Amino acid sequence: MVKPDRAQLLLIASVLIALTIVASVVLLNAVYTPQTLRTGTVNTEATELRDTQHELRNELREYLNRVGIQEASANKPDPLPYAPDGVSVAADMRNISALYGNLVSARSGATLRIVKTGETVGDVVFQNKSTRTLTDGSGNSSWQVFSGVSSMPRVRLNLSDISGNNTSVVINGTTTSEQWTLNISEDAVAVNGRDQCGIATGDTVEAVRVDLVDGQGTPVVELDGQSGQEYCTNLTMAAGVTAPYNVSIDGGDSATGRYVMTADGSALTTTPTGDGPYSRTDKTINLDFRLVYVTTDITYASQFSLYSEDQR
Amino acid sequence: MRGLGIESDDRGASIAVTHALTLAITAILISTLLLATGNFLNAQNDDVARQQLTDIGGDVSSLIDRADRLNKTGSSVNATFETTYTNRVAGEPYTIILIPDNGTRDTEATMYLNATALDISVAMRVSSDTPMIESRVRAGNPTVSLCNAGTKQNLTLTGCPR
(Lines give C-alpha, C1' and ligand atoms only; values in the text may rest on other atoms or scores of the structure.)
Protein backbone atom coordinates (compact mmCIF):
# COMPACT_ATOMS: atom_id res chain seq x y z
CA MET A 1 0.00 0.00 0.00
CA VAL A 2 1.28 3.44 -0.86
CA LYS A 3 1.54 5.91 1.93
CA PRO A 4 -0.21 9.13 0.94
CA ASP A 5 2.49 11.49 2.35
CA ARG A 6 5.51 9.89 0.62
CA ALA A 7 5.41 12.13 -2.43
CA GLN A 8 5.49 15.24 -0.27
CA LEU A 9 8.48 13.93 1.65
CA LEU A 10 10.43 13.33 -1.53
CA LEU A 11 9.61 16.77 -2.83
CA ILE A 12 10.66 18.37 0.43
CA ALA A 13 13.91 16.38 0.32
CA SER A 14 14.68 17.60 -3.18
CA VAL A 15 13.98 21.18 -2.16
CA LEU A 16 16.38 20.74 0.76
CA ILE A 17 19.07 19.45 -1.59
CA ALA A 18 18.55 22.50 -3.81
CA LEU A 19 18.83 24.82 -0.83
CA THR A 20 22.02 23.07 0.23
CA ILE A 21 23.53 23.73 -3.17
CA VAL A 22 22.52 27.37 -3.03
CA ALA A 23 24.01 27.69 0.46
CA SER A 24 27.26 26.10 -0.67
CA VAL A 25 27.46 28.58 -3.55
CA VAL A 26 27.03 31.45 -1.14
CA LEU A 27 29.73 30.05 1.11
CA LEU A 28 32.04 29.51 -1.85
CA ASN A 29 31.57 33.11 -2.86
CA ALA A 30 32.61 34.17 0.60
CA VAL A 31 35.86 32.27 0.12
CA TYR A 32 36.64 34.30 -3.02
CA THR A 33 37.23 37.59 -1.26
CA PRO A 34 40.33 39.76 -1.59
CA GLN A 35 43.04 38.98 0.90
CA THR A 36 43.72 41.68 3.38
CA LEU A 37 46.73 43.70 2.25
CA ARG A 38 49.45 44.07 4.83
CA THR A 39 50.30 47.67 4.15
CA GLY A 40 49.51 49.43 7.38
CA THR A 41 52.95 48.77 8.79
CA VAL A 42 54.79 50.39 5.89
CA ASN A 43 52.59 53.46 5.99
CA THR A 44 52.97 53.80 9.74
CA GLU A 45 56.73 53.45 9.53
CA ALA A 46 56.94 56.01 6.72
CA THR A 47 54.98 58.50 8.81
CA GLU A 48 57.19 57.78 11.78
CA LEU A 49 60.27 58.36 9.66
CA ARG A 50 59.10 61.81 8.62
CA ASP A 51 58.14 62.67 12.19
CA THR A 52 61.47 61.45 13.49
CA GLN A 53 63.43 63.47 10.98
CA HIS A 54 61.39 66.59 11.72
CA GLU A 55 61.86 66.06 15.45
CA LEU A 56 65.58 65.44 15.06
CA ARG A 57 66.07 68.55 12.97
CA ASN A 58 64.26 70.67 15.56
CA GLU A 59 66.31 69.06 18.30
CA LEU A 60 69.57 69.92 16.56
CA ARG A 61 68.43 73.47 15.85
CA GLU A 62 67.39 73.89 19.44
CA TYR A 63 70.77 72.67 20.53
CA LEU A 64 72.51 75.18 18.25
CA ASN A 65 70.30 77.94 19.55
CA ARG A 66 71.17 77.07 23.13
CA VAL A 67 74.88 77.00 22.39
CA GLY A 68 74.59 80.26 20.46
CA ILE A 69 72.79 81.89 23.36
CA GLN A 70 75.43 80.75 25.78
CA GLU A 71 78.20 82.02 23.59
CA ALA A 72 76.51 85.36 23.07
CA SER A 73 75.65 85.61 26.73
CA ALA A 74 79.28 85.65 27.63
CA ASN A 75 79.69 88.92 25.80
CA LYS A 76 76.33 90.64 25.72
CA PRO A 77 73.52 91.08 28.22
CA ASP A 78 70.67 90.69 25.75
CA PRO A 79 71.71 87.93 23.38
CA LEU A 80 70.12 86.53 20.27
CA PRO A 81 70.80 82.99 19.18
CA TYR A 82 73.28 82.68 16.41
CA ALA A 83 75.49 80.00 15.01
CA PRO A 84 78.07 78.74 17.45
CA ASP A 85 81.69 77.88 17.00
CA GLY A 86 82.06 74.72 14.94
CA VAL A 87 84.84 73.15 16.98
CA SER A 88 82.85 73.09 20.20
CA VAL A 89 79.86 71.55 18.46
CA ALA A 90 81.41 68.43 16.95
CA ALA A 91 81.62 66.29 20.09
CA ASP A 92 78.14 67.28 21.25
CA MET A 93 76.74 66.37 17.86
CA ARG A 94 78.08 62.85 18.24
CA ASN A 95 76.49 62.56 21.67
CA ILE A 96 73.15 63.89 20.44
CA SER A 97 73.22 61.44 17.54
CA ALA A 98 73.91 58.49 19.83
CA LEU A 99 71.27 59.50 22.34
CA TYR A 100 68.65 60.14 19.72
CA GLY A 101 69.44 56.85 18.00
CA ASN A 102 68.83 55.00 21.25
CA LEU A 103 65.63 56.92 21.85
CA VAL A 104 64.20 56.08 18.44
CA SER A 105 65.27 52.46 18.76
CA ALA A 106 63.53 52.12 22.11
CA ARG A 107 60.42 53.88 20.87
CA SER A 108 59.82 52.22 17.53
CA GLY A 109 62.44 49.54 17.06
CA ALA A 110 63.95 51.40 14.14
CA THR A 111 67.67 51.78 13.70
CA LEU A 112 68.72 55.41 13.31
CA ARG A 113 72.19 56.67 12.63
CA ILE A 114 73.03 60.30 12.11
CA VAL A 115 76.49 61.57 11.30
CA LYS A 116 77.68 65.13 10.88
CA THR A 117 79.28 65.23 7.45
CA GLY A 118 80.16 68.89 7.07
CA GLU A 119 79.62 72.44 8.11
CA THR A 120 79.30 75.83 6.52
CA VAL A 121 81.48 78.54 7.92
CA GLY A 122 80.33 82.10 7.44
CA ASP A 123 79.64 85.41 9.08
CA VAL A 124 77.07 86.60 11.56
CA VAL A 125 75.74 90.12 12.00
CA PHE A 126 73.45 90.92 14.89
CA GLN A 127 72.08 93.83 16.86
CA ASN A 128 70.78 92.81 20.25
CA LYS A 129 69.33 95.94 21.81
CA SER A 130 65.58 96.34 21.54
CA THR A 131 65.83 100.15 21.84
CA ARG A 132 68.22 100.65 18.96
CA THR A 133 67.34 101.39 15.35
CA LEU A 134 68.56 99.26 12.46
CA THR A 135 71.46 101.48 11.47
CA ASP A 136 75.00 100.45 10.79
CA GLY A 137 77.93 101.27 13.04
CA SER A 138 78.32 104.73 11.50
CA GLY A 139 74.68 105.80 11.88
CA ASN A 140 73.63 105.12 8.28
CA SER A 141 70.05 103.92 7.95
CA SER A 142 70.56 102.26 4.54
CA TRP A 143 73.52 99.96 4.32
CA GLN A 144 74.72 96.72 2.89
CA VAL A 145 75.05 93.88 5.37
CA PHE A 146 76.53 91.18 3.15
CA SER A 147 77.77 90.91 -0.39
CA GLY A 148 78.38 87.94 -2.64
CA VAL A 149 76.26 85.52 -0.61
CA SER A 150 75.77 82.11 -2.20
CA SER A 151 73.23 80.86 0.31
CA MET A 152 71.56 82.55 3.22
CA PRO A 153 70.23 80.16 5.77
CA ARG A 154 68.86 82.60 8.24
CA VAL A 155 67.37 86.04 8.84
CA ARG A 156 65.67 86.90 12.11
CA LEU A 157 64.06 90.22 12.93
CA ASN A 158 62.50 90.97 16.29
CA LEU A 159 61.36 94.58 16.03
CA SER A 160 59.71 96.33 18.93
CA ASP A 161 58.43 99.36 17.04
CA ILE A 162 57.95 100.68 13.52
CA SER A 163 57.54 104.41 12.94
CA GLY A 164 57.54 104.67 9.17
CA ASN A 165 56.77 102.91 5.94
CA ASN A 166 60.06 102.11 4.39
CA THR A 167 62.14 99.80 6.53
CA SER A 168 63.15 96.97 4.25
CA VAL A 169 65.43 93.98 4.00
CA VAL A 170 66.56 93.90 0.38
CA ILE A 171 68.20 91.02 -1.44
CA ASN A 172 69.71 91.81 -4.83
CA GLY A 173 70.69 89.18 -7.36
CA THR A 174 73.36 89.12 -10.00
CA THR A 175 71.27 91.13 -12.45
CA THR A 176 69.64 94.46 -11.76
CA SER A 177 66.18 93.04 -12.38
CA GLU A 178 66.55 90.48 -9.62
CA GLN A 179 65.42 91.89 -6.31
CA TRP A 180 63.46 90.60 -3.35
CA THR A 181 62.29 92.98 -0.65
CA LEU A 182 60.67 92.46 2.69
CA ASN A 183 59.00 95.78 3.44
CA ILE A 184 57.97 96.39 7.05
CA SER A 185 55.57 99.28 7.48
CA GLU A 186 53.38 100.94 10.05
CA ASP A 187 50.91 101.94 7.36
CA ALA A 188 50.67 99.28 4.74
CA VAL A 189 51.04 101.25 1.56
CA ALA A 190 51.19 99.35 -1.67
CA VAL A 191 54.74 98.56 -2.65
CA ASN A 192 54.74 96.77 -5.96
CA GLY A 193 56.76 93.60 -6.18
CA ARG A 194 57.60 93.52 -2.50
CA ASP A 195 56.75 91.11 0.25
CA GLN A 196 54.99 93.22 2.83
CA CYS A 197 54.58 93.08 6.54
CA GLY A 198 52.52 95.84 8.09
CA ILE A 199 49.09 96.98 9.20
CA ALA A 200 46.36 99.29 7.99
CA THR A 201 46.69 103.04 8.18
CA GLY A 202 46.05 104.47 11.63
CA ASP A 203 47.07 101.44 13.64
CA THR A 204 50.30 101.21 15.53
CA VAL A 205 52.68 98.32 15.28
CA GLU A 206 53.59 96.90 18.64
CA ALA A 207 56.11 94.41 17.38
CA VAL A 208 57.09 92.47 14.28
CA ARG A 209 58.80 89.12 14.33
CA VAL A 210 60.18 87.51 11.20
CA ASP A 211 62.16 84.29 11.35
CA LEU A 212 63.18 83.09 7.93
CA VAL A 213 64.46 79.60 8.59
CA ASP A 214 65.01 77.34 5.59
CA GLY A 215 64.39 80.33 3.37
CA GLN A 216 60.78 80.51 4.47
CA GLY A 217 58.83 81.96 7.33
CA THR A 218 55.70 83.55 8.62
CA PRO A 219 55.94 87.11 9.94
CA VAL A 220 54.00 87.91 13.08
CA VAL A 221 52.64 91.39 13.76
CA GLU A 222 51.48 92.49 17.19
CA LEU A 223 49.25 95.55 17.35
CA ASP A 224 49.21 98.15 20.06
CA GLY A 225 45.86 97.16 21.57
CA GLN A 226 43.99 97.90 18.38
CA SER A 227 42.38 95.80 15.75
CA GLY A 228 43.74 96.19 12.29
CA GLN A 229 44.22 94.30 9.12
CA GLU A 230 47.48 92.49 8.91
CA TYR A 231 49.32 92.54 5.65
CA CYS A 232 51.94 89.95 6.46
CA THR A 233 52.14 86.99 4.16
CA ASN A 234 54.09 83.77 4.23
CA LEU A 235 57.50 84.63 2.91
CA THR A 236 59.85 82.77 0.65
CA MET A 237 63.13 84.52 1.14
CA ALA A 238 64.90 85.72 -2.00
CA ALA A 239 62.16 84.30 -4.21
CA GLY A 240 63.11 84.80 -7.84
CA VAL A 241 66.65 85.89 -7.01
CA THR A 242 69.61 83.72 -7.95
CA ALA A 243 72.82 83.61 -5.97
CA PRO A 244 75.21 85.22 -5.44
CA TYR A 245 73.28 88.11 -3.96
CA ASN A 246 73.80 91.10 -1.73
CA VAL A 247 71.84 91.75 1.45
CA SER A 248 70.98 95.28 2.57
CA ILE A 249 68.82 97.09 5.08
CA ASP A 250 67.05 100.21 3.78
CA GLY A 251 65.43 102.83 6.00
CA GLY A 252 66.57 101.10 9.15
CA ASP A 253 66.10 104.23 11.26
CA SER A 254 62.30 103.75 11.05
CA ALA A 255 62.46 100.47 12.95
CA THR A 256 63.63 99.69 16.45
CA GLY A 257 64.61 96.27 17.64
CA ARG A 258 66.90 93.31 17.38
CA TYR A 259 68.02 91.24 14.42
CA VAL A 260 70.47 88.56 13.41
CA MET A 261 71.60 87.48 9.94
CA THR A 262 73.95 84.75 8.86
CA ALA A 263 75.52 84.25 5.45
CA ASP A 264 78.28 82.17 3.95
CA GLY A 265 81.40 83.36 2.20
CA SER A 266 80.31 86.94 2.48
CA ALA A 267 82.07 90.25 2.78
CA LEU A 268 80.87 92.01 5.89
CA THR A 269 80.27 95.72 5.52
CA THR A 270 79.45 96.53 9.11
CA THR A 271 81.58 98.51 11.50
CA PRO A 272 81.17 97.25 15.04
CA THR A 273 80.52 99.95 17.64
CA GLY A 274 79.69 100.04 21.30
CA ASP A 275 75.95 99.76 20.60
CA GLY A 276 76.07 97.41 17.66
CA PRO A 277 75.57 96.00 15.20
CA TYR A 278 78.05 93.32 16.09
CA SER A 279 79.66 90.88 13.76
CA ARG A 280 81.27 87.48 14.04
CA THR A 281 83.39 85.99 11.33
CA ASP A 282 84.31 82.39 10.61
CA LYS A 283 81.44 80.95 12.59
CA THR A 284 79.65 77.72 11.90
CA ILE A 285 76.39 78.91 10.43
CA ASN A 286 75.11 75.59 9.13
CA LEU A 287 75.69 71.88 9.59
CA ASP A 288 75.30 68.98 7.19
CA PHE A 289 74.23 65.52 8.25
CA ARG A 290 73.82 62.07 6.82
CA LEU A 291 70.82 60.21 8.20
CA VAL A 292 70.21 56.46 7.92
CA TYR A 293 66.92 55.02 9.14
CA VAL A 294 66.14 51.33 8.89
CA THR A 295 63.07 49.33 9.89
CA THR A 296 61.84 45.93 8.77
CA ASP A 297 60.06 47.48 5.78
CA ILE A 298 61.85 50.76 5.12
CA THR A 299 65.43 51.63 4.36
CA TYR A 300 66.12 55.36 4.14
CA ALA A 301 69.31 57.35 3.73
CA SER A 302 69.77 61.02 2.93
CA GLN A 303 71.91 64.08 3.36
CA PHE A 304 70.39 67.21 4.83
CA SER A 305 71.43 70.62 6.04
CA LEU A 306 70.09 72.11 9.22
CA TYR A 307 69.16 75.32 7.43
CA SER A 308 68.61 75.38 3.71
CA GLU A 309 66.69 77.54 1.32
CA ASP A 310 64.95 74.58 -0.35
CA GLN A 311 64.14 73.06 3.06
CA ARG A 312 66.50 70.13 2.50
CA MET B 1 -16.29 9.34 1.06
CA ARG B 2 -13.01 11.25 0.83
CA GLY B 3 -11.99 13.38 3.73
CA LEU B 4 -11.10 17.01 3.27
CA GLY B 5 -7.52 16.88 4.75
CA ILE B 6 -4.23 16.14 2.96
CA GLU B 7 -3.84 12.88 4.89
CA SER B 8 -6.85 11.41 3.24
CA ASP B 9 -5.95 12.72 -0.23
CA ASP B 10 -4.16 9.95 -2.17
CA ARG B 11 -4.52 11.36 -5.67
CA GLY B 12 -1.33 11.14 -7.76
CA ALA B 13 0.36 9.09 -5.11
CA SER B 14 1.23 6.11 -7.24
CA ILE B 15 4.85 4.93 -6.86
CA ALA B 16 5.80 5.30 -10.51
CA VAL B 17 4.42 8.80 -10.93
CA THR B 18 5.93 9.97 -7.65
CA HIS B 19 9.40 8.71 -8.57
CA ALA B 20 9.26 10.11 -12.05
CA LEU B 21 8.14 13.54 -10.87
CA THR B 22 10.66 13.64 -8.03
CA LEU B 23 13.60 12.68 -10.19
CA ALA B 24 12.59 15.05 -12.97
CA ILE B 25 12.12 18.01 -10.67
CA THR B 26 15.36 17.31 -8.80
CA ALA B 27 17.33 16.93 -12.03
CA ILE B 28 15.95 20.17 -13.41
CA LEU B 29 16.64 22.01 -10.19
CA ILE B 30 20.19 20.75 -9.83
CA SER B 31 21.19 21.33 -13.43
CA THR B 32 19.67 24.83 -13.40
CA LEU B 33 21.44 25.69 -10.20
CA LEU B 34 24.79 24.35 -11.39
CA LEU B 35 24.60 26.23 -14.66
CA ALA B 36 23.55 29.49 -13.04
CA THR B 37 25.98 29.35 -10.15
CA GLY B 38 28.83 28.27 -12.39
CA ASN B 39 28.48 31.44 -14.45
CA PHE B 40 27.93 33.47 -11.33
CA LEU B 41 31.09 32.08 -9.76
CA ASN B 42 33.13 32.89 -12.83
CA ALA B 43 31.89 36.48 -12.79
CA GLN B 44 32.57 36.67 -9.07
CA ASN B 45 36.09 35.38 -9.66
CA ASP B 46 36.80 38.16 -12.15
CA ASP B 47 35.32 40.81 -9.89
CA VAL B 48 37.41 39.64 -6.97
CA ALA B 49 40.57 39.60 -9.08
CA ARG B 50 39.87 43.08 -10.40
CA GLN B 51 39.12 44.35 -6.91
CA GLN B 52 42.30 42.82 -5.56
CA LEU B 53 44.42 44.34 -8.34
CA THR B 54 42.80 47.71 -7.71
CA ASP B 55 43.60 47.46 -4.00
CA ILE B 56 47.21 46.53 -4.65
CA GLY B 57 47.57 49.26 -7.28
CA GLY B 58 46.09 51.83 -4.93
CA ASP B 59 48.47 50.82 -2.21
CA VAL B 60 51.52 50.90 -4.50
CA SER B 61 50.38 54.30 -5.71
CA SER B 62 50.16 55.51 -2.12
CA LEU B 63 53.68 54.25 -1.42
CA ILE B 64 54.97 56.04 -4.52
CA ASP B 65 53.43 59.21 -3.11
CA ARG B 66 55.11 58.63 0.24
CA ALA B 67 58.48 58.03 -1.41
CA ASP B 68 57.95 61.17 -3.46
CA ARG B 69 57.37 63.21 -0.33
CA LEU B 70 60.49 61.78 1.27
CA ASN B 71 62.45 63.28 -1.59
CA LYS B 72 61.88 66.67 0.02
CA THR B 73 63.44 65.60 3.31
CA GLY B 74 67.04 65.91 2.18
CA SER B 75 69.41 65.72 -0.72
CA SER B 76 70.66 62.47 -2.26
CA VAL B 77 67.78 60.57 -0.73
CA ASN B 78 67.59 56.80 -1.06
CA ALA B 79 64.44 55.24 0.35
CA THR B 80 63.10 51.74 -0.13
CA PHE B 81 59.73 50.34 0.87
CA GLU B 82 59.57 46.57 1.08
CA THR B 83 56.03 45.41 0.38
CA THR B 84 54.36 42.05 0.86
CA TYR B 85 51.32 41.45 -1.29
CA THR B 86 49.67 38.23 -2.30
CA ASN B 87 51.54 36.42 -5.08
CA ARG B 88 48.33 35.56 -6.92
CA VAL B 89 44.96 37.14 -7.42
CA ALA B 90 42.04 34.69 -7.75
CA GLY B 91 44.62 31.97 -8.03
CA GLU B 92 46.55 33.49 -10.92
CA PRO B 93 49.86 35.40 -11.06
CA TYR B 94 49.96 39.05 -12.07
CA THR B 95 52.40 41.74 -13.18
CA ILE B 96 52.78 45.39 -12.13
CA ILE B 97 54.11 47.74 -14.79
CA LEU B 98 54.89 51.43 -14.39
CA ILE B 99 55.09 53.30 -17.67
CA PRO B 100 55.99 57.01 -17.64
CA ASP B 101 54.06 59.18 -20.09
CA ASN B 102 57.12 60.66 -21.67
CA GLY B 103 59.09 57.54 -22.59
CA THR B 104 61.29 56.17 -19.86
CA ARG B 105 61.21 58.97 -17.24
CA ASP B 106 58.42 61.35 -16.29
CA THR B 107 56.45 62.78 -13.38
CA GLU B 108 53.24 61.45 -14.92
CA ALA B 109 52.80 57.74 -15.46
CA THR B 110 50.30 54.95 -15.81
CA MET B 111 50.50 51.86 -13.66
CA TYR B 112 49.11 48.64 -15.11
CA LEU B 113 48.31 45.55 -13.08
CA ASN B 114 47.83 42.63 -15.42
CA ALA B 115 46.52 39.17 -14.61
CA THR B 116 47.06 37.65 -18.05
CA ALA B 117 45.57 34.24 -17.27
CA LEU B 118 42.31 35.89 -16.27
CA ASP B 119 42.51 38.41 -19.10
CA ILE B 120 42.13 41.22 -16.58
CA SER B 121 44.04 44.49 -16.60
CA VAL B 122 43.67 47.40 -14.22
CA ALA B 123 45.18 50.78 -15.11
CA MET B 124 45.61 53.77 -12.84
CA ARG B 125 47.25 57.15 -13.22
CA VAL B 126 50.16 58.06 -10.98
CA SER B 127 51.53 61.54 -10.51
CA SER B 128 54.56 62.72 -8.53
CA ASP B 129 57.03 65.57 -8.24
CA THR B 130 59.92 63.15 -8.60
CA PRO B 131 60.26 61.54 -12.04
CA MET B 132 59.28 57.89 -12.28
CA ILE B 133 61.20 55.48 -14.46
CA GLU B 134 59.81 52.53 -16.37
CA SER B 135 59.74 49.44 -14.22
CA ARG B 136 58.10 46.05 -14.25
CA VAL B 137 57.73 43.60 -11.42
CA ARG B 138 56.18 40.15 -11.40
CA ALA B 139 53.67 39.86 -8.56
CA GLY B 140 54.14 39.70 -4.88
CA ASN B 141 56.75 42.05 -3.64
CA PRO B 142 57.37 45.25 -5.57
CA THR B 143 60.08 47.35 -3.95
CA VAL B 144 58.91 50.95 -4.16
CA SER B 145 62.10 52.99 -4.17
CA LEU B 146 63.31 56.54 -4.34
CA CYS B 147 66.79 56.32 -5.82
CA ASN B 148 69.56 58.86 -6.14
CA ALA B 149 71.30 58.61 -9.49
CA GLY B 150 73.98 61.27 -9.59
CA THR B 151 72.17 64.58 -9.70
CA LYS B 152 68.81 62.95 -10.40
CA GLN B 153 66.23 61.34 -8.19
CA ASN B 154 64.04 58.56 -9.58
CA LEU B 155 61.06 56.58 -8.40
CA THR B 156 60.90 52.93 -9.35
CA LEU B 157 59.18 49.67 -8.40
CA THR B 158 62.25 47.49 -8.69
CA GLY B 159 64.60 48.85 -6.02
CA CYS B 160 67.67 51.02 -6.42
CA PRO B 161 70.59 49.74 -8.52
CA ARG B 162 73.56 48.83 -6.35
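**Close-up 1. The S13–S14 hairpin of chain A in a predicted model.** Strands S13(A) and S14(A) form a hairpin, with three residues between them. S13(A) covers residues 278-294 and S14(A) covers residues 298-305. The two run antiparallel and are joined by seven bridges. One bridge pairs A:Phe289 with A:Phe304 in S14(A).

**Close-up 2. The other partner of S13(A): strand S1 of chain A.** S1(A) spans residues 111-127. It runs antiparallel to S13(A), and 14 bridges join the two strands. A:Thr111 has A:Val294, in S13(A), as its bridge partner. S13(A) thus carries bridges to S1(A) and also to S14(A).

**Close-up 3. Strand S11 of chain A and its pairing with S2(A) and S4(A).** S11(A) covers residues 245-250. Its pairing with S2(A), residues 143-149, is antiparallel and has four bridges. Here A:Trp143 stands opposite A:Ile249. Its pairing with S4(A), residues 167-172, is also antiparallel and has five bridges. There A:Val170 stands opposite A:Ser248. As a general rule, side chains in a regular strand alternate between the two faces of the sheet.

**Close-up 4. The largest nonpolar core, seen around B:Leu53.** This core has 50 residues. Which two members touch the most others? They are B:Leu53 and B:Ala67. Helix H1 of chain B, residues 15-70, supplies the largest share of the core, with nine residues. Leaving out residues up to four places away in sequence, B:Leu53 touches B:Val89, B:Tyr94 and B:Leu113. The same count adds B:Ala115, B:Ile120 and B:Val122. In soluble globular proteins, nonpolar side chains tend to be buried together.

**Close-up 5. A second, separate core.** This core holds 37 residues. Its members include A:Val145, A:Val149, A:Ile162 and A:Tyr278. A:Val145 and A:Val149 fall within the residue range of S2(A). A:Tyr278 falls at the start of the range of S13(A).

**Close-up 6. Chain A in overview.** Chain A has three helices and 14 strands. How many of its 312 residues count as buried, as a percentage? The share is 37%. Consider contacts in chain A between residues at least 6 apart in sequence. Of these, 69% join residues at least 24 apart. The S1(A)–S13(A) pairing shows such a sequence separation: residues 111-127 meet residues 278-294.

Definitions and conventions:
Residues numbered from 1 in each chain as written. Chains lettered and ligands numbered in written order. Predicted model: local features only at pLDDT ≥ 70, side-chain atom pairs only at ≥ 80, totals over all residues. Pairing = 2+ DSSP bridges. Buried ≥ 20, exposed ≤ 12 C-beta atoms within 10 Å, placed from the backbone. Contact = placed C-beta atoms within 7 Å. Core = buried A, V, L, I, M, F, W, Y, C linked by C-beta atoms within 7 Å.
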